[in-house]
Structure formats: structure tokens, C-alpha cells
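Subject: Handover of a structure and the findings on it

Dear colleague,

Please find the structure below for your own work. The findings on it follow directly after.

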Amino acid sequence: MTEKKDHSVIKTGCEALTACLPDHSSIPRLGLGTWHMGENPQIEEQEISALQAGIKLGMTLIDTAEMYGNGRSEQLVGKSIQGFNREKLYLVSKVYPHNAGRKNIFNSCENSLKRMNTDYLDLYLLHWRGGVPLSETVACMEQLKADGKIRNWGVSNFDIDDMKELWNVPSGNKCAVNQVLYHLGSRGIEFSLLPWLQEHGVQTMAYCPTAQGGTLRRGLLTSKAVLEIAKIHDATPVQILLSFLLYQKDTLVIPKSSTAAHTIENAGASLIQLTQDDIFCLSREFPAPTRKTHLDLL
Ligand code: NAP
């Protein structure tokens, strides 16, 4: 009989998993999402425990947004990071497209900083493309950097044409990250966007990495391939989904969980090293794209 692995063992490889940004700073590859967190005061303590469990396991990147719970997710992050060394954390927030111009972005950023109890963000993202010209948003992002309010900036939900347009804007090529929907059951970005980002030194941050606990793609977590690879690695299906993304070059992964048990399980993905054979097996059931498809959005 094989011994079952204890997924609550507090030992992970998260801290060792980092990627390098164009300015040579490093960014953790496995972090924590926060969408819908902070919205229900009755589970605040549980959510703080979940985030703190992740931080203690080395999932020091926390992704949030001014949009999430109208700032309540940022407040939850602010409470959760109390007592931790700020320099060891990597805090990411996002600005609404309608706030991403000269008129509002500086206030938006200041309000995010206040809610998160910090005086700088490691990364500030444009949540999605809106009506403000890219050149104006980029100039503001560079100003925030110069003012010491943010260390890096990036975008989210940008497809390849948006990225090419961004590259034609002054300082547009200083974009460090593009955060997009990416999981084993949604691999469209692998056709052209992911290679383009890799070629241009932009990190891809995968949101919905567990396909929202499998709900975005029915049958994903119970598929033959995922179960088979999970068995080989003595891992859970969710861990296989996360390790599939960590296998990709220049990809950051931000699973969200409101429970410490799930967070601990997710952190365990950092110890799984998939092989080419594993990827081949997963790809037979969930093939890489053979043509350009629209960027998957939530
Ligand atoms: P996700 O992380 O794929 O899935 C979250 C769901 O999976 C939650 O219901 C969670 O339940 C469940 N879950 C987590 N770990 C699990 C485990 N080990 N076993 C079973 N279920 C598990 O999806 P997401 O939250 O949509 O995306 C991740 C983060 O990306 C967000 O939180 C947000 O920070 C960011 N995001 C960005 C955008 C954008 O437009 N830029 C869009 C969506 C998301 P429990 O909470 O009960 O554990």
C-alpha cells in the first residue's frame, strides 16, 4: 500500500519559485488571488487566516483590485499583512479602466494604498482596456513609479493586438506583466499571446488557474488525464492544474482560496515537477490551440 501524502505539511517550494522582471527585480510565481474576499464580514477571520497561511508558506504575492468588493478585498489584504515584513511581500492591485487617466489614477492608487495599509505597490495593473488612451495611462503609471508609489506596472486582459499597440506607445515596453485567464481547460493564449509575451520579456499572470475550482470547465478536475497525473505525483487534481501552469515558462499563478486548507493544498503545487510525458498526457485530453482564438475573459 502506498503511503498517502499529507497535504497539510508546512513545507513548500514557493519561496524558491520566482521569475525575473525586465528591471531585474524578482516576482513570486505562486501567489494568492482575492476576488470576492472581504465581501462577507462573517467569514473575515477565516479569510485572513487563509491569506496568512499562504504568506507563511511563501505565497507572498497577493493580487487584488480596487474593484473587488468595492475596496473591501484591499482592506482585507491590509488587515492580513499586519505583522509581516512588507519588503518580503509582493502586493498587486488594479485600477479600473475609467480611473486609469490623469484625472483619477493618482487618487485611485492613493486610496488602494490606504486600504492596503502600505505606502507602495509592487505592481499596479490596468484591469482591462477602457476609453483612456494607452499613452495617458502609461505616462501616469511611469509617474507613479517615479513618485515611489508603485515599483512596476502592467496590464490585464490584453490580447496580442492590444500588446502590440501598447508597445508603440512611449514607455509602453516597460509593461512588466499581463494578467489573463489561463488554465488547463483554456489554453488559447498559448497560440500567439504567450509566445509574444515571452519574446518581449513580459510575465504572464494566470487568473482562474484552477478554473474556479473546476466550475469553469466541467469535467476538468475529474478528467482521466488529470486524475492519472495526480496519482503519479501523489497530488490532488487542483495541484496538477497549478503545476501545469508553473511548468510554462514566465508564468505566474494566483489561485484564490478563502480557506487555509485549500491554500495549503495550493502551495503544495510548488513541489510538483511535471515531466514532458505528463504534459503530453494532459495535452492529449486538453490540447494546446492550433489557431488563434479570442482571449478568454471572465
Ligand atoms: P480560481 O483561483 O481559479 O478559483 C477560485 C475558486 O476555487 C474558489 O471558489 C475556491 O474556493 C476554489 N478553490 C481554490 N483552491 C481550491 C482547492 N485546492 N480545491 C478546491 N477548490 C479550490 O479563480 P479566481 O478567483 O477567479 O482567479 C484567481 C484570482 O485571479 C482572483 O481571485 C483574482 O485575484 C484574479 N482575477 C483577475 C481577473 C482579471 O480580470 N484580471 C479576473 C478574475 C480573477 P474556496 O475559496 O472555498 O477555497
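I begin with Ser-112, which is buried, with a relative accessible area of 0%. This residue belongs to helix 3. Leaving aside residues up to four places away in sequence, Ser-112 touches Glu-66, Glu-74 and Ser-93. Its C-alpha lies 20 Å in space from that of Met-205, and the two residues are 93 apart in sequence. Please bear in mind throughout that the model is predicted.

**The chain as a whole**

The chain holds 10 helices and 9 strands. Its radius of gyration is 19 Å, close to the 19 Å that the globule rule gives for 298 residues, so the chain is as compact as a globular protein of that length. The C-alpha trace spans about 65 × 45 × 35 Å along its principal axes.

Of the 298 residues, 57% count as buried. Where contacts join residues at least 6 apart in sequence, 78% of them are between residues at least 24 apart. The exposed area of the chain is about 13600 Å², of which carbon and sulfur atoms supply 50%. As for charge, there are 30 positive and 32 negative charges, and their mean positions are 1 Å apart.

**Aromatic pairs**

How many aromatic pairs does a search of the whole structure find? The search gives 4. Two of the pairs are described here.

In one of them, the ring centres of Trp-35 and Tyr-68 are 6.0 Å apart and the planes stand at 35°, so the pair is tilted. Trp-35 sits in the loop between strand 2 (26-28) and helix 1 (44-56), while Tyr-68 sits in the loop between strand 3 (61-63) and helix 2 (72-80), so the pair ties together parts that are 33 residues apart in sequence. Trp-35 counts as partly exposed, at 29% relative accessibility, whereas Tyr-68 is buried, with a relative accessible area of 7%.

In another, the rings of Tyr-96 and Trp-128 have centres 6.2 Å apart and planes at 85°; the pair is edge-to-face because that angle is over the cut-off of 60 degrees. This pair links distant parts of the chain, 32 residues apart: Tyr-96 is in the loop between strand 4 (90-95) and helix 3 (105-115), and Trp-128 is in the loop between strand 5 (121-126) and helix 4 (134-146). Trp-128 is partly exposed, with a relative accessible area of 35%.

**Ser-257 and Asn-266**

These two residues are in contact with each other. Ser-257 lies in the loop between strand 9 (251-253) and helix 9, and Asn-266 is found in helix 9 itself (residues 260-267). Is each of them buried or exposed? Asn-266 counts as buried, at 5% relative accessibility, and Ser-257 counts as buried too, at 7%.

With residues up to four places away in sequence not counted, Ser-257 touches Met-37, Ala-50, His-262, Thr-263 and Asn-266. On the same terms, Asn-266 touches Leu-30, Met-59, Val-238, Leu-242, Pro-255 and Ser-257. Ser-257 is also 16 Å from Gln-75 in space, C-alpha to C-alpha, with their positions 182 residues apart in sequence counted as the separation.

**Helix 10**

Which residues of helix 10 (residues 276-285) are buried? Asp-278, Ile-279, Cys-281, Leu-282 and Ser-283 are buried there. Their cover includes helix 7 (224-232) and helix 8 (237-247). As general background, an α-helix has 3.6 residues a turn, so residues three or four places apart point the same way.

**Backbone angles**

Most residues other than glycine have a negative phi. Two asparagines should be viewed against that background. Asn-70 has a phi near 55°, a positive value in a residue other than glycine. The residue is placed in the loop between strand 3 and helix 2, and at 64% relative accessibility Asn-70 counts as exposed. Asn-117 likewise has a positive phi, near 55°, and lies in the loop between helix 3 and strand 5.

With kind regards

Conventions. Residues numbered from 1 in each chain as written. Predicted model: local features only at pLDDT ≥ 70, side-chain atom pairs only at ≥ 80, totals over all residues. Heavy atoms only, no water. Helix = DSSP H or I, 4+ residues; strand = E, 2+ residues; numbered from the N terminus. Rg over C-alpha atoms; globule rule 2.2 N^0.38 Å. Buried < 20%, exposed > 50% of the residue type's maximum accessible area, 1.4 Å probe, protein only. Contact = heavy atoms within 4.5 Å. Areas by Shrake-Rupley, 256 points an atom, 1.4 Å probe, with all protein chains shown as cover. Lys, Arg positive; Asp, Glu negative; His and termini not counted. Charge placed at Lys NZ, Arg CZ, Asp CG, Glu CD. Phe/Tyr/Trp six-rings, centres within 6.5 Å; stacked < 30°, edge-to-face > 60°.
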